[in-house]
Amino acid sequence: MSEPREPRAPQGQAGAPQGRPDEKAALRLGTRRSKLAMAQSGLVAKAVSQVTGRPVELVEITTYGDTSREHLAQIGGTGVFVTALREALLLGEIDFAVHSLKDLPTGQPDELVLAAVPLREDPRDVLVARDGLRFEELPDGARVGTGSPRRMAQLNAYARDHGMTIETVPIRGNVDTRIGYVRSGELDAVVLAAAGLGRLGRIEDVTDFLSVDTVLPAPGQGALAIECAADNADLVAMLGELDDPFTRAAVTAERSLLAALEAGCSAPVGALADLLADGQIVKEMRLRGVVGTTDGTTLVQLSTTGPVPETHDQAMALGRELAAEMLAKGAAGLMGERAH
């Protein structure tokens, strides 16, 4: 696993527009206070400073998702980490914000724009287990912690298909808290996102990288979103230099699928769009989606392949088409309460 990368600007595009009176004023980057959010925002701040030539200061903002002790599925999932950052943007208290893209609601406010989706990190889920165990090596009855119904559904299905018996245990907390459950012996393993551990420099804690054929990640997992006010054209253009077009197309298709299923991030939906290459030439994009009951007894898992989307609308269409097929196969009945 490589070291976490800073979002990169395309070569030859650095440098802020000249002649603006505030061109050297510090840009205010709004971030959650968690260790992971601060690490992610620090990487983005460095990259933004390089492309704009301006200093970037972090403005720490506490969100409801950070202070609530309830499980994510109970407090509404999508948006609980995002609302306070967006309010600060709309009030002009910060210039831009960095989100984990999988935390973003699929509806985008008109006043705000996703100015950049930088190059995606590893989208996979990983296992951190006692005694260095891989998932297949977990003992019968192993207690596996995760706050995600999506992970529960797929882990339980995989275990049943392979003659394993596991108990998925709902947990919350930051990375240290979750890994602490394993270190203390309270749980046999926890499931986390590879990208988060990579950005924290904790990838050595991983005992197993879960193949996307076993567990499809959350839509947008591993990607960051850089958001700012839609009417700040200069800043939108500067931040846009950090955008990775393939990552944006992939996560747009994944989030379109999620939106078409009318599901928030508390629903057990997984999705991943990846590029299929012939040698060095990218030919097609494949989108895979899964929805299931958290006990893993019923899964609807489908995929579709098409030309790499060249526009936002094409990427959205790819997601909607796969969602329609999944709904026709009974996906709607597997998601519990549907978010409206």
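**Figure 1. Overview of the protein chain in the predicted model.** Of the 340 residues in the protein chain, 52% are buried. The secondary structure of this predicted model consists of 10 helices and 13 strands. The protein chain has an accessible surface of about 15000 Å², and carbon and sulfur atoms account for 49% of that surface. When contacts between residues at least 6 apart in sequence are considered, 73% of them link residues at least 24 apart.

**Figure 2. Parallel pairing of strands E6 and E7.** Strand E6 covers residues 142-145 and strand E7 covers residues 166-169. The two strands pair in the parallel sense, with 4 bridges between them. Within this pairing, glycine 145 is placed opposite valine 169 of E7. Helix H5, residues 149-161, carries the chain from E6 to E7. The resulting β-α-β crossover is right-handed.

**Figure 3. A nonpolar surface patch that includes leucine 275.** Three residues, Phe246, Leu275 and Val282, make up this patch on the surface. Their accessible area together is about 220 Å². Leucine 275 belongs to strand E11, which spans residues 269-278. The relative accessibility of leucine 275 is 32%. Leucine 275 counts as partly exposed because this value falls between the cut-offs of 20% for buried and 50% for exposed residues. In a regular strand, side chains alternate between the two faces of the sheet.

Technical notes. Residues are numbered from 1 along each chain as its sequence is written. This is a predicted model: local features need pLDDT of at least 70, side-chain atom pairs count only at pLDDT 80 or more; totals for chains, interfaces and linings use all residues. Side-chain values use heavy atoms; hydrogens and water are left out. Two strands pair if DSSP finds at least two bridges between them. A crossover is right-handed if, with the strands pointing away from the viewer, the path from the first strand over the helix to the second runs clockwise. Buried means under 20% relative accessible area, exposed over 50%, partly exposed in between (1.4 Å probe, protein chains only). Contact means heavy atoms within 4.5 Å. Accessible areas come from the Shrake-Rupley method with a 1.4 Å probe; for residues, only the protein chains shown count as cover. Patches are made of residues with over 30% relative accessible area and no salt bridge: like charges are joined within 9 Å, nonpolar side chains (Val, Leu, Ile, Met, Phe, Trp, Tyr) within 5 Å. A salt bridge is a side-chain nitrogen of Lys or Arg within 4 Å of a carboxyl oxygen of Asp or Glu.
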